[in-house]
Amino acid sequence: MRIRLGHLYPDYLNIYADRGNIAVLARRAAWRGHELDVVALGVGDRIDPQAHDLLYVGGGQDREQALVARELAGKSAQVLEAAAAGVAVLAVCGGYQLLGRFYRFGNGEELPGVGLFPLHTIAGERRMIGDILLDCELDPGRRHTLAGFENHAGRTYLDPGVEALGRVVAGFGNDGSSGFEGCRVGRAIGTYLHGPLLPRNPWLADWLLGQAIAHQTEMLD
């Protein structure tokens, strides 16, 4: 099976070894007889909801996020349509923030978000940096430990009742106080964990590939 991955803004949002995450997905797909077809989606490119099984958005510094935020927000309908159709999504750090509703800087300036994740982010004065461990249950009855590194000034606040990616065992998480990290909406997950993420957590790479394959299988039925 050919798994189609759309990599959003790889020239801007690539600070946290994001290509290493792509390499892990490609290798683990190949071990199972599948091919990962990666397409870079940059400024001016349309995100075709029918053309991808998995979308990936990496992390960037504030400057890079500001360069693409409004352009990406202009594609909100395309991203939301893809997610509603069952396309899997992985958004890391800056990408996680940009798929929320907005990111507000300390001076009050706001970057618009896509609105896929029901959350918002506000810049804090102190960065939250260090190793982090999560307790996750993406599939009922199957618990996993998710390990990574976090380095973010933003405090991310989920709307009431929204599902987090996991419970913080050690580290700061979304806001340093709620005890939760990341967000999950269907097959879409967002997280601050990098380091990079997937080489340290191959089980999550397999979960994402499984969700992407499930999407493609549904399209063929």
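**Salt bridges, aromatic pairs and local backbone features**

In the predicted model, D159 and R101 form a salt bridge in which the closest N and O atoms are 2.9 Å apart. D159 lies in the loop between β8 and β9 (166–170) and R101 in the loop between α4 and β5 (102–104), so this pair ties together parts that are 58 residues apart in sequence. D159 counts as partly exposed at 24% relative accessibility, and R101 is also partly exposed, with a relative accessible area of 35%.

A search of the whole structure finds 12 salt bridges. Among them is the bridge between the side chains of D37 and R2, with an N to O distance of 2.5 Å. Here D37 belongs to strand β2 (residues 35–41) and R2 to strand β1, so the pair ties together parts that are 35 residues apart in sequence. The relative accessible area of D37 is 26%, which makes this residue partly exposed. R2, at 41% relative accessibility, counts as partly exposed.

A further salt bridge joins D206 and R28, whose closest N and O atoms are 2.7 Å apart. Because D206 lies in helix α6 (residues 202–220) and R28 in helix α1, the pair ties together parts that are 178 residues apart in sequence. D206 is partly exposed, with a relative accessible area of 24%, whereas R28 is buried, with a relative accessible area of 17%. The value for R28 falls under the 20% limit for a buried residue. R28 and D206 are also linked with R32 in a network of salt bridges.

Aromatic pairs were searched for in the whole structure, and 3 were found. One of these is formed by Y96 and Y192; the arrangement is edge-to-face, with 5.1 Å centre to centre and 80° between the planes. Y96 is located in helix α4 (residues 94–98) and Y192 in the loop between β12 (188–191) and α5 (197–200), so the pair ties together parts that are 96 residues apart in sequence. Both Y96 and Y192 are buried. Another edge-to-face pair consists of Y103 and F105, with 5.0 Å centre to centre and 65° between the planes. Y103 and F105 are both buried.

Y96 and Y192 form one aromatic cluster together with F117. The relative accessible area of Y96 is 0%, so this residue is buried. Leaving aside neighbours within four places in sequence, the contacts of Y96 include A91, F117, L119, T156 and L158. N174, G182, C183, G190, T191 and Y192 are also in contact with Y96. The C-alpha atoms of Y96 and L111 are 13 Å apart in space, and the two residues are 15 residues apart in sequence.

Y192 and N174 are also among the residues touched by H152. The others, not counting residues up to four places away in sequence, are R126, R127, M128 and G173. H152 is found in strand β8 (residues 142–158) and is buried, with a relative accessible area of 2%. The side chain of H152 makes a polar contact of 3.0 Å with the side chain of E150. In addition, a polar atom of the H152 side chain lies 3.4 Å from the backbone oxygen of G173.

Several backbone features were identified. Y9 is a residue other than glycine with a positive phi, near 50°. This residue is placed in the loop between β1 (2–8) and α1 (18–31) and is buried, with a relative accessible area of 1%. C93, likewise not a glycine, has a positive phi of about 55°. The position of C93 is in the loop between β4 (88–92) and α4, and at 5% relative accessibility C93 counts as buried. G195 and P196 are joined by a cis peptide bond with an omega of about -10°. P196 lies in the loop between β12 and α5.

At the surface, Y12, V43 and L67 make a nonpolar patch of about 260 Å². Of these residues, L67 is placed in helix α2 (residues 62–73) and is partly exposed, with a relative accessible area of 46%.

Notes: Residues numbered from 1 in each chain as written. Predicted model: local features only at pLDDT ≥ 70, side-chain atom pairs only at ≥ 80, totals over all residues. Heavy atoms only, no water. Helix = DSSP H or I, 4+ residues; strand = E, 2+ residues; numbered from the N terminus. Buried < 20%, exposed > 50% of the residue type's maximum accessible area, 1.4 Å probe, protein only. Polar contact = N/O pair within 3.5 Å; in protein donor to acceptor, adjacent residues only side chain to side chain. Contact = heavy atoms within 4.5 Å. Patch = residues over 30% accessible without salt bridge, like charges linked within 9 Å, V, L, I, M, F, W, Y side chains within 5 Å. Areas by Shrake-Rupley, 256 points an atom, 1.4 Å probe, with all protein chains shown as cover. Salt bridge = Lys/Arg side-chain N within 4 Å of Asp/Glu carboxyl O. Phe/Tyr/Trp six-rings, centres within 6.5 Å; stacked < 30°, edge-to-face > 60°.
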